[in-house]
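Visitor: Please take a close look at the ligand site in this model. I would like the contacts, the surrounding shell and the space that holds the ligand, followed by the other voids.

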Amino acid sequence: MKVTQYLAEAKGPIVSLEILPPTKGKSIDSIYNHLDPLMEFKPAFVNVTYHRAEQVYKKRNDGSFERVEIRKRPGTVGICAAIMNKYKVEAIPHLICGGFSKEETENALIDLHFLGVKNVLALRGDAAANEKFFTPHPSGHRYADDLVKQIIGLNNGHYLEEDIMDGVKTDFCIGVAGYPEKHFEAPNLDTDIMYLKRKVDLGADYITTQMFFNNQHYYNFVSRCKEHGLEVPVLPGLKPLTNKRQLNMIPSIFNVEVPVELYNEMMKAKTPEDCDRVGEDWLLEQCRDLLKNNAPVLHFYTLGKPQVVYNVLKRLF
Ligand code: FAD
């Protein structure tokens, strides 16, 4: 089922989850162990992130270095198939522009369509680890709006190879990313929302937000989106903050603020269990407030801390 259909038919709050593919060498069981307990809350869909390859320098026997590409995590197609097969829930692969030619993107979309995947999250991706700024693949997309355009093209039966007449039409529901505290490269929130609107005007069906720890950012963002004429659902992205290191790491990686009250509570925590409890209580309050204000979905970045998300959901429902 498409995300939009879930939203239209929902009779109560919808829960959804985001996971990372296991690092290479780990089995799919690490994902099942992560997801099994959370299935009690009947998530409508499970997003699977995509992690592009990194360039690293490896020392040769003669002492010189060679640049090699390594992928720490496999792609999303297999893991989406495994999740759909085991749990009978919708899996949503994240598709990124970075590192992909249009041809490779098309092939991935065809595979996903064959598998019965109905939803994708279309993203640009960040700069490669060895680059300062995002550089598109020479025959790929520079921004996520072009990726949305390609997916919509395939939904209309337009393949890159012009010889393909009457090509089967895919039917992807497309999500895109939104940033309540603005994307770090955007000069201001209005410009960022203007480009977000472009993705929606091209055919994106909904927006999933970057994490935020102060709901006011989400409410402001939703109303600013409305002012810009954006009518699609905005799904709030939620992450438990569960250790002191994250107080500085999360703002620097994701460009989001940690409210002073959360910072102070976390600094008072003495043990890892205290830290978990601070993060859990904060997330629980965020969720309660979002539900009171009719947020369409609670979308959890479960990465690394499924137990905290489990506890929050147990206390909520
Ligand atoms: P875009 O929409 O392309 O925007 C990027 C920047 O360019 C913004 O500042 C925007 O204002 C500007 N812009 C957009 N279009 C144009 C245009 N046409 N002309 C000029 N400027 C423009 N990354 C991963 O690598 N893998 C993942 O699985 C992943 N999942 C994510 C899930 C969510 C919910 C979110 C919020 C982010 C995720 N990311 C992921 C991170 C994301 O790839 C980065 O934040 C990336 O820097 C921007 O992606 P985007 O799709 O928002 O880009």
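Guide: What follows goes from the ligand outward to the pockets and then to the cavities.

This is a predicted model, in which local features need pLDDT of at least 70, side-chain atom pairs count only at pLDDT 80 or more, and totals for chains, interfaces and linings use all residues. Residues are numbered from 1 along each chain as its sequence is written, and side-chain values use heavy atoms, with hydrogens and water left out.

The shell around the ligand holds 25 residues, and Y50, D126, Y179, D192 and K199 come nearest. A residue belongs to this shell if one of its heavy atoms lies within 4 Å of the ligand. By class, the shell has 11 nonpolar, seven polar and seven charged residues. Here Ala, Val, Leu, Ile, Met, Phe, Trp, Tyr, Cys and Pro count as nonpolar, Asp, Glu, Lys and Arg as charged, and the others, Gly among them, as polar.

Three side chains place an N or O atom at a polar-contact distance, the cut-off for a pair of N or O atoms being within 3.5 Å. For D126, the distance from a side-chain N or O atom to an oxygen atom of the ligand is 2.6 Å. The corresponding distance is 2.8 Å for H94, and for H183 it is 2.8 Å. On its own the ligand has 970 Å² of accessible area, and the protein covers 88% of this. Such areas come from the Shrake-Rupley method with a 1.4 Å probe.

Strand 5 (90–96), strand 6 (119–123), helix 5 (144–155), helix 6 (189–202) and strand 8 (206–211) each give two or more residues to the shell. Helix 6 gives the most, with four residues. Helices (H or I, at least four residues) and strands (E, at least two) are DSSP runs, numbered from the N terminus.

The ligand takes up the space of the largest pocket; the criterion is that more than half of its atoms lie within 2 Å of the grid points. On a 1 Å grid over the protein atoms alone, a pocket is an open set with protein on both sides within 12 Å along at least five of seven lines, a cavity is a set of points where a 1.4 Å probe fits but cannot get out, and lining residues have an atom within 4 Å of a point. The volume of the largest pocket is about 1,600 Å³, a volume being the space filled by probe spheres set on the grid points. Its lining has 50 residues, with L123, G125, D126, Y179 and Q210 nearest the centre. D126 and Y179 are also among the residues that come nearest to the ligand. Helix 6 supplies the largest share of this lining, six residues. Other elements that supply at least two residues include strand 7 (173–178), helix 8 (246–254) and strand 10 (297–301). The lining divides into 24 nonpolar, 13 polar and 13 charged residues.

The second largest pocket has about 500 Å³ of space. Of its 25 lining residues, R52, A53, G98, G99 and F100 are closest to the centre. Strand 3 (54–59), strand 4 (65–70) and helix 4 each supply at least two residues, and helix 4 gives the most, with three. The classes are 10 nonpolar, eight polar and seven charged.

There are two cavities of 30 Å³ or more. The largest has a volume of about 40 Å³, and its lining includes Y179, Q210, M211, F212 and F254. The second largest cavity holds about 30 Å³ and is lined by L95, I96, F100, T105, A108 and L147. Strand 5 and helix 4 (102–115) each supply at least two of these residues. This lining has five nonpolar residues, one polar and no charged.

Technical notes:
Polar contact = N/O pair within 3.5 Å; in protein donor to acceptor, adjacent residues only side chain to side chain.
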